[in-house]
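Subject: Handing over a structure, with notes on what was found

Dear colleague,

I am passing this structure on to you, and I would be glad if you could look through it alongside the notes below. Please keep the sequence and the 3D view open while you read.

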Amino acid sequence: MSDTILEISNLKKIYGRTEVLHGVSFSLKRGGIYGLVGPNGAGKTTIMKIIGGLVYATGGEVNCYNTDGEVVDIQKARRKMSFMIETPYLKKHATARENLEKQRLQKELPDKAVIDDVLNLVGLSDVDQRKPVRQYSLGMQQRLGIANALMCDPELLILDEPVNGLDPVGIHEVRELLLKMNREKGVTILISSHILSELAQLCTDYIFIGSGNILKMITAEELEINGRGCFEIGTNHNEKAYEWLKSRYGERVSLHENIIRIYDQIDDIAALSEELFGIGAVPVHLVQTESDLEKYYLEQVLGGDDSKELPAPNEEA
Ligand code: ATP
């Protein structure tokens, strides 16, 4: 089975006289969740639109591969891709079912059961089915947009800023849904955002883009090491506390220069403190260090504007 599902090489795009993609290359491996992260205007939507055939590239290639590693005709490959680019197009006065039925007919899907399947999948089957979409929360609307994109059982899902404007609950809902799609159906996902932390705990790989250039590609593990915050603990018996914490948090605990660091979410700090006290390791220092994810991201992506103004046709280069 071939690993790569999609590869873009040296992609260039000129809008008018401005080059906005300067030779972008990256590949997606089957089963991965890729975060395409960059500030406004970096070129994320343009890349997604080129993959979807909504705009033409000025140069470069998009290649898709089947599981045997053979190149698949892009038009054919797009039938196994679904896109949600910019705001999902939903008829707000219609119900979720009416919206999905319209999509089913457009995609010429014969089986009506697909509507129940996707509503189930995105956790909207219990919503009052008479409710028009305008009465849905933004998070529910995004989930419905994703349901729309899932109708044709895609291998590759391409989502442009699906958590933009959502509150933390909405972000959590979308994140859980995408993880479910990825784990249960093996869907490969390319998802964009201009806020790195929105994609944390979701992606397997991150592609940083700024001003039409790929700046860095890192795995989730590398990102975690580079950017995460942690919970620091010091006790009067650090060795004892460390062994005990290790039995609970495993590899997410380290002991370095008399400070124990837990790289995990701790919901009840008071309870943890009491438990440490109970084993005879009295906490004397308990500090949640700030996550440096955004700082790390800003360092990576906020370079100068690299857009190249091209000369007018009869100007000297
Ligand atoms: P955002 O996060 O704001 O959506 P983005 O990273 O998706 O940004 P793009 O929308 O791809 O960025 O835009 C990249 C650059 O191309 C920007 O400078 C934008 O102004 C320009 N651009 C996008 N679409 C067009 C168009 N149709 N005509 C001219 N310029 C365009």
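What follows goes from the chain as a whole to helix pairs and then to single residues.

Please bear in mind throughout that this is a predicted model. The chain has 317 residues, of which 48% count as buried, and it holds 11 helices and 15 strands. If one takes the contacts in the chain with a separation of 6 or more, residues 24 or more positions apart account for 70% of them.

A good place to begin is the pair H3 and H4, that is, residues 96-106 and residues 113-121. The axes of these two helices come within 10 Å and cross at roughly 125 degrees, and because that angle falls in none of the ranges for roughly parallel, roughly perpendicular or roughly antiparallel, H3 and H4 count as oblique to each other. Their crossing is right-handed. On the H3 side the contact involves Ala96, Arg97, Leu100, Glu101 and Arg104, which meet Val114, Ile115, Asp116, Val118 and Leu119 of H4. Sorted by class, the residues of this contact are six nonpolar, no polar and four charged.

Arg104, one of the H3 residues in that contact, deserves a closer look. Is Arg104 buried or exposed? With a relative accessibility of 7%, Arg104 counts as buried, since the cut-off for that class is under 20%. The side chain of Arg104 makes a polar contact with the side chain of Glu101, at 2.9 Å. Leaving aside residues up to four places away in sequence, Arg104 touches Leu109, Pro110, Asp111, Lys112, Val114, Ile115 and Met151.

Glu108 sits in the loop between H3 and H4. Glu108 is exposed, with a relative accessible area of 69%, and although it is not a glycine, it has a positive phi of about 55 degrees. A positive phi is also found at Asn10, again not a glycine, where the value is about 50 degrees. Asn10, however, belongs to strand E1, residues 4-15, and at 43% relative accessibility it counts as partly exposed.

The next pair is H5 and H6, which cover residues 138-150 and residues 168-185. How do H5 and H6 lie to each other, roughly parallel or oblique? Their axes come within 9 Å and cross at roughly 20 degrees, and because angles under 35 degrees count as roughly parallel, H5 and H6 are placed in that class. This crossing, too, is right-handed. From H5 the contact takes in Gly139, Met140, Gln142, Arg143, Ile146 and Leu150, and from H6 it takes in Gly170, Glu173, Val174, Leu177, Leu178 and Met181. By class, the residues of this contact divide into seven nonpolar, three polar and two charged.

The third pair is H9, residues 238-249, and H10, residues 269-278. The axes of H9 and H10 come within 10 Å and cross at roughly 130 degrees, which makes H9 oblique to H10. H9 passes H10 in a right-handed crossing. The residues that meet are Ala241, Trp244, Leu245, Arg248 and Tyr249 in H9 and Leu272, Glu275 and Leu276 in H10. This contact has six nonpolar, no polar and two charged residues.

Finally, I would draw your attention to Asn238, which lies in H9. Asn238 is buried, with a relative accessible area of 9%. Which backbone oxygen does the side chain of Asn238 reach? The partner is the backbone oxygen of Asn258, at 2.7 Å. Asn238 also touches Ile233, Leu255, Ile259 and Ile260, among others, when residues up to four places away in sequence are not counted. For Ile259, the separation from Asn238 is 21 residues in sequence, while the C-alpha to C-alpha distance is 7.7 Å.

With best regards

Notes:
Residues numbered from 1 in each chain as written. Predicted model: local features only at pLDDT ≥ 70, side-chain atom pairs only at ≥ 80, totals over all residues. Heavy atoms only, no water. Helix = DSSP H or I, 4+ residues; strand = E, 2+ residues; numbered from the N terminus. Buried < 20%, exposed > 50% of the residue type's maximum accessible area, 1.4 Å probe, protein only. Contact = heavy atoms within 4.5 Å. Polar contact = N/O pair within 3.5 Å; in protein donor to acceptor, adjacent residues only side chain to side chain. Axes fitted to C-alpha atoms, helices over the stretch in contact; angles between N-to-C directions. Parallel < 35°, antiparallel > 145°, perpendicular 65-115°, else oblique. Left-handed = near helix turned anticlockwise from the far one by under 90°. Nonpolar A, V, L, I, M, F, W, Y, C, P; charged D, E, K, R; others polar.
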